[in-house]
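Reader: I have a model open and want to go through how its parts pack. Can we take it piece by piece?

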Amino acid sequence: MHRIKKHATLISETGLPATESSLQQDFEALGLKTGMTIIAHSSLSQLGWVVGGAAAVLLALESVLGLEGTLVMPAFSGNNTEPSYWEAPPVPEEWWPIIRAEAPPFMPDLTPTRMMGAIAETFRIQNGSIRSHHPAVSFVAKGPKAPAIIADHPLHYPLGEHSPLAKLYDLDASILLLGVDHSNNTSLHLSEERAKLPKQKIQEQGGAILENGVRKWVKYKQLDYNDGDFAFIGTAFEMEMPEAVKKAQVGKATARLVHMRSVVDFGVKWLQKNRIY
């Protein structure tokens, strides 16, 4: 019933619905072009009512990028992590060993995303999409550069050097924030890695994987990633480097097209100056 009411509200607030063709025009007006490499973060509900939902958004994006373009999205699976860290919601301590022993292993084709949104989950299962093999913070990609971007995703420090994010940085990719702001900008985790903050905590994480066809629980190290100040970084970045951000309306949503290298480099300097934890 709640879901029906939510959809009814969305319809009443939309006016005319967005379509694949109207979204394509909106993406072109934002600055997307054939051949670009894009990492996208999105909220379908912010677009208003879309004829065809997430599938229409993907088709519009892919039409603009063309066969030469490459589309990437985070495909995180946060429920395949060390359960003692879980907070949303936490689970009883007596459950922890059961989860470590029995959680299904990460499988790119089967393991769903968690809290990534309908567009990312639809992209994950789309024919032609390929996914990196990290148990918790994988990425999914489609296009000519996809194999190189998702290959050899490191288990340790998975959002740092040699990760899909670092490869996107090297490829001079752009970031699409579609109905979301910089608090959802995963690329700023690369800034965390490169800032080398003296008080940055290291976390021992874990997850279930398949190794030579056998399920096992592995432990790995990563930064204690924290996106709590990403929105502040984004606000400061857009004030100081407005030329690196294009804004336009896509459907009913505010969309941003951001130069990745610029915001990651800015994020490093901002964190070194402002983060105290």
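Reader: Is the crossing of helix 9 and helix 10 right-handed or left-handed?

Author: The crossing of helix 9 and helix 10 is right-handed. A crossing is called left-handed if the near helix is turned anticlockwise from the far one by less than a right angle, and right-handed if clockwise. Before going on: this is a predicted model, where local features need pLDDT of at least 70, side-chain atom pairs count only at pLDDT 80 or more, and totals for chains, interfaces and linings use all residues. Residues are numbered from 1 along each chain as its sequence is written, and side-chain values use heavy atoms, with hydrogens and water left out.

Reader: Where do the helices start and end, and at what angle do they cross?

Author: Helix 9 covers residues 230-240 and helix 10 covers residues 260-274; their axes come within 10 Å and cross at roughly 115°. Axes are lines fitted to C-alpha atoms, for helices over the stretch in contact, and angles run from 0 to 180 degrees between N-to-C directions. Helices (H or I, at least four residues) and strands (E, at least two) are DSSP runs, numbered from the N terminus.

Reader: Which residues make the contact?

Author: From helix 9, F232, I233, A236, F237 and E240; from helix 10, S262, V263, F266, G267, W270 and L271. Contact means heavy atoms within 4.5 Å.

Reader: Switching to the sheet. What is the strand order?

Author: The open sheet has seven strands in the order 3-4-2-1-5-9-8, with mixed pairing. Two strands pair if DSSP finds at least two bridges between them. Strand 3 (130-131) and strand 8 (245-250) are at the edges with a single partner strand each, so one side of each has no neighbour in the sheet.

Reader: How many bridges join strand 2 to strand 4?

Author: Four, and strand 2 (residues 70-74) runs antiparallel to strand 4 (residues 139-142). L71 is opposite K142, and V72 has A141 as its bridge partner.

Reader: What lies across those strands?

Author: Helix 5 (residues 118-125) lies across strand 1 (37-42), strand 2, strand 3 and strand 4, at about 120° to strand 2.

Reader: And how does helix 3 sit against helix 5?

Author: The axes of helix 3 (residues 53-65) and helix 5 come within 9 Å and cross at roughly 70°. The two are therefore roughly perpendicular, a term for angles of 65 to 115 degrees. A54, A55, V57, L58 and E62 of helix 3 meet A118, I119, T122 and F123 of helix 5.

How values were computed: Parallel < 35°, antiparallel > 145°, perpendicular 65-115°, else oblique.
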